[in-house]
Structure formats: C-alpha cells, structure tokens
Amino acid sequence: MSGSWMTTRAWLLMLPLLAVMISVIGWPLVDTVRLSFTDARLVGTEGSFVGLDNYARMLSGANFQRTLVTTTWFAVISVAAEMVLGVLAALLLNQQFYGRTVLRALMILPWALPTVVNATLWRLIYNPEYGALNAALTQIGLLDAYRSWLGEPNTALAALIVADCWKNFPLVALIALAALQAVPRDITSASMVDGAGPIARFRFVILPYLVGPLLVALVLRTIEAFKVFDIIWVMTRGGPANSTRTLSILVYQEAFSFQRAGSGASLALIVTLLVTVLAVAYAALVRKAAGSNA
Amino acid sequence: MLKSINRTLLGAAFVSGAFMPHAFAETAINALFMAQAAYSEADVRAMTEAFSKANPDIKVNLEFVPYEGLHDKTVLAQGSGGYDVVLFDVIWPAEYASNNVLVDVSSRITDDMKKGVLPGAWTTVAYDGKSYGMPWILDTKYLFYNKEILEKAGIKSPPKTWDELAEQAKIIKDKGILATPISWSWSQAEAAICDYTTLVSAYGGEFLKDGKPAFQSGGGLDALNYMVTSYSSGLTNPNSKEFLEEDVRKVFQNGEAAFALNWTYMYNMANDPKDSKVAGKVGVVPAPGVAGKSEVSAVNGSMGLGITTASKHPEEAWKFITFMTSQETQNQYAKLSLPIWASSYDDPAVTKGQEELIAAAKLGLAAMYPRPTTPKYQELSTALQQAIQEALLGQAKPEDALKGAAENSGL
Amino acid sequence: MERKSLPFTIFIYASALLLAVVILAPVLWLFVMSISPAADLSAKPLRWWPQQVDFSRYALLLSTVENSAGAAFVASLWNSLRIAGMATIAAIALAIPAGWAVSRTPAVGWSLSVVIATYMLPPVALAVPLYMGLAYFGMLNNIFGLALVYLTILAPFTTWLMKSGFDAIPREIEAAAMIDGASLFQTLRIITLPLAAPVVATSALFALLLAWDEFFYALLFTSDLRAKTLTVAIADLAGGRVSDYGLIATAGVLAALPPVLIGLVMQRALISGLTSGGVKG
C-alpha cells in the first residue's frame with residue numbers, strides 16, 4: 001500500500017471529525033474575529049466596522065485590568081493548592097493502611113459531582129445566616145460570630161478557591177497516585193539503603209516519575225481555571241463589589257447582559273490570546289521536562 | 001413520528017402519561033415568569049390552569065427563572081422565538097422598545113382597562129408614549145417590622161422617618177434584644193438598587209438630569225450615606241450585603257430582624273405559621289420619609305406582561321395576558337401581590353385580613369419613585385451596584401463611589 | 001516491605017482520617033440537608049442530623065404532575081440524559097475512525113493536535129456566533145442544537161483517548177487479517193474494535209460526564225423545558241425563590257447521583273483513561 005493512499009485514507013477517516021469541528025468551532029471563531037471589529041449588538045443591528053476601537057476600549061478600561069488580576073489570582077492559587085494537596089494525598093494513598101481501597105474509591109466523589117452542584121453546595125455551606133461553616137466554626141469555638149464569607153471581598157475569592165480546590169484536587173491526587181504506582185519498588189528501597197532521607201528521596205527518586213503527568217494536569221487545570229465561569233456564576237455572580245468577577249464573567253456581561261456583541265467579542269479574543277500564550281509556554285515546559293526525564 | 005416514539009418511551013420511563021399533549025391543544029404558547037417575590041410559582045401555575053380551563057384550545061407552557069436571569073433569558077430567547085409572553089421589570093421597556101424585543105400593544109388596550117387600572121401602574125409598561133404590555137405586579141418596598149420586638153423595646157409606633165428608624169434600631173440594639181436589627185437586600189444585584197432608590201426618593205434625589213447622571217450629589221448621595229452609616233454603625237445586619245429579598249424574608253421570618261425592607265409578598269408569607277416564627281407579629285408601614293423632604297418613600301418595583309416580537313401567536317398571547325391581569329384573577333390571588341385595579345383596594349374580598357398592608361399600599365403606591373428610564377439601564381444599574389457595595393465595604397467614600405458609577409454608567 | 005515506626009503509623013492513620021473527612025463531609029452534608037425539615041436547616045445552633053427524616057422533597061421533585069415544579073425538574077433531567085447521550089454517541093462515532101487514522105498514519109497527527117488545541121478556547125469566544133448561527137437554523141432551545149455544540153467539547157477528548165487505545169493494539173494483527181483478504185472495514189470491525197472495546201467504554205464514560213457537567217452553553221442556548229438541562233435547572237432553583245435549602249440540596253443529590261455512581265463503579269476504567277492521557281502526554 002502506498003504512503004500517499006494511506007494518507008488520503010487517513011484524511012477521509014478524519015473528515016467527519018474535522019467537518020464538525022470546523023463548522024461548530026472554526027467558523028464561529030472566525031466570525032468572532034469579524035465581530036470584534038464592529039459595533040454589532042446581540043439583537044437588532046448588524047453593526048458597522050469600527051477598526052480596533054473595541055480592543056482599545058476594552059484593554060484600557062479599568063474593568064479589564066482589575067478582572068485580569070482577579071482571574072490570575074484565582075487561577076494561580078487554586079491550581080497551586082490543587083497540585084500540592086493532590087500530591088500529598090497521593091503520597092498518603094500510596095502508603096499501606098486499613099481502608100486504603102475505600103479511601104481511594106471515595107476520592108472520585110468530589111470530581112464526579114457536577115460543577116454547578118458543587119457550587120450550589122458550597123454556597124449553602126457558606127451561607128452567612130444558616131450555613132454549615134459558620135455553625136461548625138462557632139460550635140467548636142473557632143469563631144465568635146457568624147461571618148459573611150461570600151459577602152466580604154477579602155474572603156469571597158478565598159471561599160471560591162476552597163470550593164474549586166475541593167472539587168479538583170482529588171483528580172490531581174488520582175493522576176499522581178497512578179504515577180507513584182509506576183515507581184519501581186527496588187529503586188525506593190535502594191535509595192533507603194543509600195541513606196537518603198524522606199525529603200531527598202521524594203525530590204530525587206519519586207518526583208521525576210511525577211513530573212510528566214503532573215505537568216499535563218497543571219496545564220489542563222490552569223487553562224480551566226483561567227476560563228472559569230460556572231462556579232463563580234452560581235456562587236457570587238462576580239460580587240461583592242466585583243471582587244470575584246473573572247474574565248469570562250466580564251465577557252458574558254459585555255456581550256449578553258449589555259448586548260454589545262462587538263466589544264464582547266474583542267474581549268473574548270483577548271482572553272483567548274492570554275490562554276494560548278499560557279498554554280504555549282506550558283507546552284514548552286512539558287517538552288523540556290519530558291526531554292530531561294527521557 | 002419520531003417525536004411520538006420519544007413520547008411513548010418517555011411515558012414508559014417516567015411512569016405516568018403526564019407528558020402527553022392536551023387533547024384539545026391547538027396552539028401552544030410559552031410564557032416566562034420569575035421565581036422570586038410577588039406571585040408564587042404555585043399561584044402562577046394555578047392562574048394558568050384556570051386560563052386553560054376557560055380556553056381549552058390554548059396550551060400555556062410556563063417557565064420560571066430567578067429575577068437575576070429574567071432579562072438575559074428574555075433577550076437571548078429572541079433568537080429562537082422562545083417565548084410568546086414575558087414578564088418584564090419596569091426598568092426594561094426602554095431597552096426592549098429600542099431593541100425591538102416587545103410588541104407595542106397600545107391599540108389593544110381597551111377603555112375599560114385605561115379607566116380601571118391605577119394611573120401609576122401604567123408607567124410600568126410605557127416608553128415614549130407607547131404601551132408595551134399590561135402592568136401585572138404593582139409593587140413597592142415597604143418597611144416591615146416585628147411587633148413583638150418593638151413592644152419589648154418599649155417602642156410605641158413604627159418609624160415615620162429614616163432617622164427615627166435608626167434611633168429605634170439603636171434602642172433595640174442597646175437593650176440587647178437583637179445585635180443587628182435591620183435587614184436589607186444589598187447584594188450586588190438589582191435588589192440593592194431598589195433599596196437605594198427608596199432612599200433616593202425619601203431624600204428627594206434625582207438619578208438623571210437632562211439624560212446625564214445626577215445621583216452623585218444631593219439626594220442620591222444622602223441616600224448612599226444613610227446606607228453606609230446604618231451599615232457601619234452596626235444597626236444593619238452586615239450580611240445584608242449578600243442578601244437578596246429571599247434572604248431578608250428568611251431572616252425576618254426567623255425573628256432575627258426587627259425591621260426589614262421588602263416587597264408586598266413578605267407580608268402574607270411571614271404571617272403564615274407553617275413557615276414563619278413571627279406569624280401574627282408582622283407589622284407593615286410605608287417606607288419612611290425624611291423630615292422636611294418627604295412623608296413616605298417608595299420605589300416603583302412594578303412589573304408587566306408583554307408579547308415578544310418573536311411570537312407567532314400574539315392573539316393567544318394577549319388573551320393570556322388579559323386573563324392574568326384581569327381584576328377577577330388579581331382579586332383572587334391578592335395575597336402575595338396587590339391588584340393593579342383601583343376599585344380592588346376597596347373590595348372587602350381583597351382587603352380582608354390584610355387591612356394593614358392595604359393601608360400601607362395606599363400611601364406607598366402613590367409615592368412610587370421610578371428608577372431611571374434609559375435604554376442603557378443595565379449598564380447604569382451594574383455601575384451603581386458596584387458603587388453601593390464599594391461604599392458599604394469601605395473601599396471608597398460614597399461620593400467617590402457614586403462619581404465612579406456616573407463615569408461607568410455609559411450615559 | 002519496610003517496617004514503619006509507631007508514630008509514623010499514627011501519622012498515616014490521622015492523615016487518612018482527615019482526608020476522608022474533607023472528602024466526605026460536604027457530600028454527606030448535601031444529603032443530610034436533602035432529608036432535613038426546613039426548620040432544622042434554619043435553626044440556630046444548626047441541627048446536624050434531622051429530628052425527623054424527611055424524604056418528601058424527592059417525591060416532590062420526581063413528580064410528573066403537569067406544570068408542576070417536579071415536572072420541570074424531571075423534564076430537565078430527561079433533557080440532560082438525551083443531550084449527553086446523543087453527544088456521547090456522536091463523539092464516539094467520530095472518534096473511532098479519526099483516532100484510528102491518526103494512530104496508524106502519524107502524518108495526519110498534526111490535525112488532531114489542532115483539534116485538541118481548541119480546548120484552550122474559552123466558550124465565551126464562540127458563544128456569540130454560535131448563538132446567532134443556532135438562531136439562524138432554528139436550533140436554539142433545541143436538544144439537537146445543544147448536543148451538536150457539546151460534540152465539539154467531547155470529540156477532541158474521545159479522539160485523543162481512542163488514539164492512545166489504538167496505539168496499544170499492534171498493527172501486525174490488522175495486517176494479518178488484511179492478508180487473509182479482509183477489507184479495511186471488516187478488519188476494523190472484527191479485529192480492532194473488539195480489542196479497543198475497553199477504551200471505547202472509557203471514552204464514552206468521560207464524554208458522558210463532561211456533557212452532564214456542562215453549564216455555560218446550556219445557560220445561553222436553552223430557554224425552557226424543551227431543552228433546559230439539569231445544571232441550568234439547579235442554578236435556577238438555587239437563585240430563585242426557594243427558601244427551603246433542602247429542596248436545592250435534593251436537586252443537587254439527584255443531579256450528582258448518575259455521575260457519582262458511574263465514578264464509583266467504573267473508577268478503574270476512568271483512572272486508566274486519565275493516566276494514559278497524562279503519562280503519555
């Protein structure tokens with residue numbers, strides 16, 4: 001069989017997938033680019049060409065800068081916490097103890113809970129008057145008065161991050177656990193004989209096995225955290241005083257609540273660009289890590 | 001064919017034949033309502049059932065969303081011709097008319113309607129001299145108070161002015177009856193604007209002057225200052241800044257608020273012993289005024305029912321709207337929302353058991369103050385919500401926050 | 001096996017207990033709320049276990065009386081099932097030929113990379129044209145329209161997983177069948193697909209979970225019972241006039257049940273899917 005026929009056949013087999021992706025993602029993306037240069041509204045006018053006005057207005061607006069900072073905080077802290085907690089949990093689950101199998105099985109629970117359910121659940125937990133968190137903390141004496149967790153700018157974002165972490169760190173843990181199980185036992189025992197302490201052992205013996213899978217998890221989680229919408233929409237809608245408004249919420253507001261499809265599109269593309277830059281930087285990192293460990 | 005197979009499967013899967021279409025149904029219309037304040041979901045469903053009984057050839061599919069989703073859903077559904085009838089807030093006709101979302105129904109409104117409905121109610125549906133629907137919910141924020149707590153504190157009568165409210169709250173706080181006696185809905189949402197507007201009307205403020213923001217000074221500033229003082233002095237429940245109306249009701253019903261600003265619906269709900277710990281102790285008066293400026297204050301929080309331009313069945317839609325807004329229907333369900341019809345307020349069938357509410361309504365409804373009428377209302381409101389929260393949280397001084405809102409309002 | 005010191009063992013058990021509490025407490029609380037009378041949930045101090053267990057909300061939400069809150073919930077449950085099911089089947093149907101093609105013909109692999117890169121696109125970047133496009137074809141508020149949009153989220157994932165699965169099946173087996181005169185289609189059907197069946201199952205599970213979870217597009221593109229999904233129904237319930245937190249919790253429990261059951265029962269398959277993607281990069 002000739003190579004060119006193989007390639008043609010492969011393209012034919014790819015065709016359905018590519019056709020769907022081009023029509024439902026490719027075309028809308030191109031159209032978003034077109035819209036971003038117009039002052040089109042969501043319903044009604046087609047809009048006319050306004051050049052780079054939308055971009056200039058969006059980038060210079062205080063809203064955008066502030067929202068970018070909020071989004072970055074959310075992404076960096078929640079992803080970092082998920083990674084650390086996930087690896088710690090995986091190290092624990094890799095030890096031998098009674099009930100380990102059950103605990104491993106339970107790890108899937110938060111991850112399987114739909115995001116909207118998770119957000120609703122935590123909103124109830126954080127409720128300032130009747131929430132479980134206030135009740136638990138005051139009953140054990142850690143708090144003397146009920147607090148408004150989602151109503152104070154300095155706790156609202158943290159509260160969201162906790163809710164997001166709780167759902168996502170088990171996934172990191174499961175990925176890390178699978179990688180740990182691939183570490184050959186004789187290597188760890190050998191390093192013990194060499195007298196390596198637990199920290200050195202983790203750093204030099206175990207970590208190299210974790211880096212690859214963890215980096216992939218890191219990339220995926222960071223991209224997702226940067227695009228975050230659902231959990232914030234359900235829990236705070238960006239409040240209080242816009243302290244939890246992320247980029248996706250801002251785009252929604254611009255394009256759908258205010259119906260300015262044009263400037264909404266330009267803002268969405270700016271976000272896309274940011275995520276792409278992040279992803280490309282990460283991809284380089286992954287390749288480097290894969291290279292050094294190969 | 002495929003559809004009917006689906007239906008059969010569905011019926012089998014979910015036990016009953018509830019999904020089978022009505023035997024008579026010829027036309028189906030879709031109506032969008034809110035699940036928040038005013039008429040309860042059960043009330044709307046019961047009214048619709050009565051309508052279907054009277055009009056077996058029209059089937060009405062009901063959809064309920066939170067108030068927060070009502071505007072966006074209405075606009076987004078235009079693309080699909082989704083709804084025939086939509087509930088809209090008094091602040092939206094300007095935008096809906098400019099963007100061709102609602103049908104101008106001025107010609108459909110009969111003389112009987114014009115004569116019978118309270119004049120104030122018509123402002124709910126009017127923009128540029130045209131009517132874009134029928135008023136349905138005639139509502140404003142009242143001051144509710146817990147009679148038992150006031151009695152315990154030795155307070156003879158509820159406050160007539162906002163300063164008196166603060167004084168009375170202080171007495172209750174100082175006597176240790178409640179740590180934070182007043183509850184409001186100051187979440188970053190339209191609810192906060194409604195409370196703010198009530199105060200703006202009390203202080204004789206103005207939102208816009210010649211189309212430009214005017215709330216940064218005068219009454220607009222006084223109103224925000226009052227909110228901030230009440231919050232920082234500890235008289236207001238600090239959780240108010242994440243409350244919507246339902247949270248206020250819950251706190252009030254649990255006996256944890258001496259005073260609360262809320263819509264009509266709270267009166268009968270808080271008086272229902274099944275859900276409420278304060279049944280029988282609920283007092284209601286118009287929101288207070290400011291000495292020398294106003295006797296009472298009120299926000300126009302009314303809502304109307306309109307036909308969307310995407311509707312293919314405007315006749316049936318109008319029939320449904322006339323039924324829902326008819327005096328007969330409204331009188332029958334006058335517990336959570338009061339009728340738009342003038343003569344209903346003297347009808348014993350309506351007033352019985354809620355004389356206090358009716359008395360407050362007569363004063364409050366007459367004083368209703370509008371939120372600004374502009375196609376850019378959503379942006380203005382979003383900017384104001386942010387300003388109010390920044391001021392409450394101490395992130396900005398009230399005057400600076402309002403100045404910022406004026407700049408961001410898009411006006 | 002190395003011997004562990006006593007303090008270390010205690011430390012391990014204490015940590016395991018802490019982890020179990022962290023994982024379980026919120027989920028259990030969701031369930032407890034769903035069976036507690038409303039008064040217990042607004043009691044101060046809060047009551048952690050109901051005085052009287054109350055399952056009535058489940059009956060309420062699963063009732064099918066026409067134009068009731070229950071019917072609305074059941075309809076959205078049904079919509080979610082249908083949309084997730086359709087999108088999953090379609091995603092697998094696209095992924096099998098495409099995954100096989102990329103696995104056997106690396107020359108076309110870059111196109112899959114491009115497809116997977118679409119994962120970076122925030123949905124808000126596509127929402128406006130998609131909204132207008134769906135409106136043009138009359139597919140707003142329509143389960144087929146939503147399933148089509150979901151397909152673009154699921155297909156890259158399933159194709160990637162299928163490709164890894166096919167990579168693990170030696171080409172020689174296929175070549176042998178071809179020499180015996182089987183056509184490509186027959187070879188795939190008789191030899192390759194049965195071998196790849198576990199990967200197909202894993203991909204389908206992932207696709208189902210992803211579709212079940214989706215919220216943003218459903219929020220924008222559906223407006224009523226004809227297409228509204230469970231996630232939107234729950235968000236509506238939580239945002240509206242439901243002062244009974246137990247009812248919100250009940251809806252949450254019901255919506256979480258299918259994915260949680262899938263997760264617990266199919267855990268091994270899911271984790272192998274996660275890591276095969278992860279480890280191989």
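Q: Let's start with helices: is the crossing of α3(A) and α8(A) left-handed or right-handed?
A: α3(A) and α8(A) make a right-handed crossing (the near helix is turned clockwise from the far one by less than a right angle; anticlockwise would be left-handed). This is a predicted model, where local features need pLDDT of at least 70, side-chain atom pairs count only at pLDDT 80 or more, and totals for chains, interfaces and linings use all residues. Residues are numbered from 1 along each chain as its sequence is written, with chains lettered from A and ligands numbered from 1 in the order in which they are written.

Q: And what is the angle where the axes of those helices cross?
A: Roughly 40°, with the axes of helix α3 (residues 62-93) of chain A and helix α8 (residues 153-181) of chain A coming within 6 Å. Because of that angle, α3(A) is oblique to α8(A) (not under 35, over 145 or 65 to 115 degrees). Helices here are DSSP runs of H or I, at least four residues, and strands are E runs of at least two. Axes are fitted to C-alpha atoms over the stretch in contact, with angles from 0 to 180 degrees between N-to-C directions.

Q: How do the residues of that contact divide?
A: The contact of α3(A) with α8(A) has 20 nonpolar, four polar and two charged residues.

Q: What about α1(A) and α4(C), at what angle do they cross?
A: Helix α1 (residues 3-35) of chain A and helix α4 (residues 69-104) of chain C cross at roughly 135°, and their axes come within 8 Å. That makes α1(A) oblique to α4(C). The crossing is left-handed.

Q: Which residues of α1(A) and α4(C) make the contact?
A: On α1(A), they are A:Ala10, A:Leu13, A:Met14, A:Pro16, A:Leu17 and A:Val20. α4(C) brings C:Leu94, C:Pro97, C:Ala98, C:Trp100 and C:Ala101. By class, the contact of α1(A) with α4(C) has eleven nonpolar, no polar and no charged residues.

Q: Zooming out, how many residues does the contact take from chain C and from chain A?
A: Chain C gives 75 residues and chain A gives 79 (in contact means C-beta atoms, placed from the backbone, within 7 Å). Helix α1 (residues 6-35) of chain C supplies the largest share of the chain C side, 13 residues.

Q: Switching to chain B, what pLDDT does it average?
A: Chain B averages 90, and 93% of the residues score at least 70 (pLDDT is the predictor's confidence in each residue, from 0 to 100).

Q: Where in chain B is the pLDDT below 50?
A: Residues 1-23 of chain B fall below 50, and that stretch has 16 contacts beyond near neighbours in sequence.

Conventions: Nonpolar A, V, L, I, M, F, W, Y, C, P; charged D, E, K, R; others polar. Contact = placed C-beta atoms within 7 Å.
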